[in-house]
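User: I would like to learn how to read a structure feature by feature, starting from its covalent links. Could you take me through one example?

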Amino acid sequence: MFVLQIGGVVGLVGYLSFRNGQKAVNELATQLRSEITARIEKELRGYFETPHEINRLNATAFQSGILDIRNAAFGERLLYQQMRIAPSVALVYCGSAQNGEFFGVLRSPEDGSLQLSYSNPSTNFIRQYYGLDVRGERTYYLREANKPYDSRQRPWYLAAVSAQEYAWTDIYIAFTTKLPNITASLPVYDELGNNLLGVCATDVVLPEEFRNFLQRLKIGKTGQAFVIDRQGYLISNSSDEPLMVGRGETAQSLLAVDSQDKLVREAAKYLVERFKGFDQINQAQQLKIKIGDQKKFLDVLPFQDGFALDWLIVVVVPEADFMEQINANTRNTILLCFAALLLAIVMAILTGKWMTQPLQRVSQASDQLAQGQLNQEVEPSFITEILTLGNSFNSMAKQLKSSFKTLERKNEELRIAEENYRSIFENALEGIFQSSPQGRYISVNPALARIYGYDSPTEMMNSITNIGEQLYVNPQQRTQFRELLQKQDTVKGFEYRCYCKDGRIIWTEINARVVKNSRGKVLYYEGIVKDITERKRQEDELRRQLEELKIEIDHKKRQEEVATLTESSYFQEVQQEMAEINLDEFWTENS
């Protein structure tokens, strides 16, 4: 009976330990899967935000003439610097709408070196390649393509023109690298926004580069992570399975339901059956499924970048990856209990206590960890199996704590960088602008919009299409302002009256300079604007007061002169003589 009691107690302790361990493992598995999907999402955003930023910069450079797309005479240094700071980018380039000219800098798939590539009428539209030195300047001829290239016929060009804004292509085989690519592109219009100048684009070799990241992730022991589009085509995964079916330009993406990887294939089929297609998954899902006779954890997270990308991040982890150590420790505990019972009742009691205490510590630590208290550490045990369990638990707790700290630190570094980047321009107290010589704003800050009575910089830039006619009360002053800039490149303290949004007229003062390219061509004007209406009002008031004071002083002076004259002896003598004259006799004698 006593043996049964001991056996029952030991069995109960083992069962409770197993259940608590299983609960903790499930909680840890949920947190780790959430962390993995969050890391994958963050990595994807890193890939897809940079190309659009690069395109926006190059579109401005294209429009303003900094990039010579048609003749390929200059501009490679700008693209070279962009490639240096964005290692995930494979190719940065622009194509002209006139004849399909091409100009770009690519990363060689063989050795990673940066090369200039362009085609235009001078090359018979055959792409030529040149080496670049450390300053980004072309050096020597490398090779040329074997057939003409027309930018206007490429998927990246057609996608941007069709969307008339930021666009992404489907996955396709790159002309240069022969690798599957995805491209971000942006149409470029003239300053008035009427005529298409061309398209700027940035290539990302996503399937290869991103796969390396997925393979470095620790997803249990046999877990898999993959990314699919809404049609179910594989974008990337953490295995070595080819992502494309076929060869050359006829290659197509592999459907996840046709994958040779069992985890990927069965997970994709389950999602199709449960949600009636991938396009019905609109929010994050944490599921537990059964593939064959094994249970799996399945996480799905929609990924959208705001520029038409709409994919799904999927993480599949076998439950056995988390439960293997728990099950092994449970079996070992049972064997030790039976061995102790066979040796002696006393030894069984001692052994039971000896085993129960560390298991209880593991259980308590597991419960506290499951409740969010991450500063947990199981003390070492003399029992090898429990020590292994404790070490595994400690390792998982430390990894989880470190991961949370790393994620928090990175988020704080990103927040500070973004605030610093925007604060200078957005929080300036004075108006800051860039405008074209033709009289259209390129950029304005919130302070300038407030000076002219607009609710936002965007509203002001959309409303003011001709600065001289819409802002200046006297348009001739805009002409005078431009003439001063043409003569001396800078203007300081230029004052003029201008119209606000509501029709009010205010006085402003502008300090500006001309920005030119390396050949001396004027690109745009930039400067600072201050509202001096109150100062002008005070100056007018001061002038009025001075004028009144002058009049008062003149009047007082005349009074003093008259008083001086009437008090003089001469005036008194004349007045006496006038009094003595008989006017009747005077007029009779002179009549």
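User: What is the handedness of the link of Cys94 and Cys200?

Analyst: This is a predicted model, and the values below are computed from it. The general idea is to look at the angle about the S-S bond: here the link of Cys94 and Cys200 has 95° about that bond and is right-handed. The two sulfur atoms of Cys94 and Cys200 are 2.1 Å apart, and a search of the whole structure finds one disulfide. The pair links distant parts of the chain, with Cys94 in strand β1 (residues 89-96) and Cys200 in strand β9 (residues 196-204), 106 residues apart.

User: Are the two cysteines of this disulfide, Cys94 and Cys200, buried or exposed?

Analyst: The term buried applies under 20% relative accessible area. Cys94 is buried at 1%, and Cys200 counts as buried as well, at 0%.

User: Why is Cys498 not bonded to Cys500?

Analyst: A disulfide calls for cysteine sulfur atoms within 2.5 Å. The closest cysteine sulfur to that of Cys498 is in Cys500, at 5.9 Å, and this is too far for a bond. Cys500, for its part, is in no disulfide, the nearest cysteine sulfur being that of Cys498. Cys498 counts as buried at 0% relative accessibility, and Cys500 is buried too, with a relative accessible area of 6%.

User: Let us return to the strand that holds Cys94. With which strand does β1 pair in the antiparallel sense over five bridges?

Analyst: To read a hairpin, one follows the pairing and then the turn. β1 pairs with β2 in the antiparallel sense over five bridges, and Tyr93 has Gly104 in β2 as its bridge partner. Five residues lie between β1 and β2 in this hairpin, and Gly100 in the turn has a positive phi of about 85°. A second hairpin follows from β2 to β3, with six residues between the strands and a positive phi of about 80° at Gly112 in the turn. Strand β3 (residues 114-119) pairs with β2 in the antiparallel sense over six bridges, and Phe102 stands opposite Ser119 in β3.

User: Why is β2 described as largely enclosed by the rest of the structure?

Analyst: The description rests on burial along the strand: five of the six residues of β2 (residues 102-107) are buried, so β2 is largely enclosed by the rest of the structure.

User: How should I read the order of the strands in the open sheet that contains β16?

Analyst: One reads the strands across the sheet rather than along the chain. Five strands form this open sheet in the order β11-β10-β16-β15-β14, with antiparallel pairing. The edge strands, β11 (234-237) and β14 (285-291), each pair on one side only, and neighbouring strands are turned by 25° against each other on average, direction ignored. Within the sheet, β15 (residues 294-304) and β16 (residues 310-318) pair over nine bridges, with Phe297 opposite Val317 in β16. As a general point, side chains in a regular strand alternate between the two faces of the sheet.

User: Which strands does helix α5 lie across?

Analyst: Helix α5 (residues 262-275) lies across β10 (224-229), β11, β14, β15 and β16, and runs at about 115° to β14. In the loop between α5 and β14 is Lys276, a residue other than glycine whose phi is nevertheless positive, near 60°. Lys276 counts as exposed at 69% relative accessibility. Gln164, in the loop between α3 (155-163) and β6 (167-168), also has a positive phi near 60°, and Gln164 counts as exposed at 59%.

User: How many cavities of 30 Å³ or more does the count give, and which residues lie nearest the centre of the second largest?

Analyst: The count comes to four cavities of 30 Å³ or more, and the second largest has a volume of about 90 Å³. Its lining comprises 13 residues, of which Phe433, Tyr441, Arg478, Tyr496 and Ile510 lie nearest the centre. At least two lining residues come from each of β17 (431-435), α12 (475-488) and β21 (522-531).

User: Where is Val529 placed, and which residues is Val529 in contact with beyond its neighbours in sequence?

Analyst: Val529 is in strand β21 and counts as buried at 2% relative accessibility. Leaving aside neighbours within four places in sequence, the contacts of Val529 include Phe433, Leu448, Ile451, Tyr452 and Ile510. The C-alpha atoms of Val529 and Ile432 are 6.4 Å apart in space, although the two residues are 97 residues apart in sequence.

Methods. Residues numbered from 1 in each chain as written. Predicted model: local features only at pLDDT ≥ 70, side-chain atom pairs only at ≥ 80, totals over all residues. Heavy atoms only, no water. Pairing = 2+ DSSP bridges. Helix = DSSP H or I, 4+ residues; strand = E, 2+ residues; numbered from the N terminus. Axes fitted to C-alpha atoms, helices over the stretch in contact; angles between N-to-C directions. Contact = heavy atoms within 4.5 Å. Buried < 20%, exposed > 50% of the residue type's maximum accessible area, 1.4 Å probe, protein only. 1 Å grid on protein atoms, 1.4 Å probe; cavity = no way out; pocket = protein on both sides within 12 Å on 5 of 7 lines; lining within 4 Å. Points joined across faces, edges and corners; volume = space filled by probe spheres on them.
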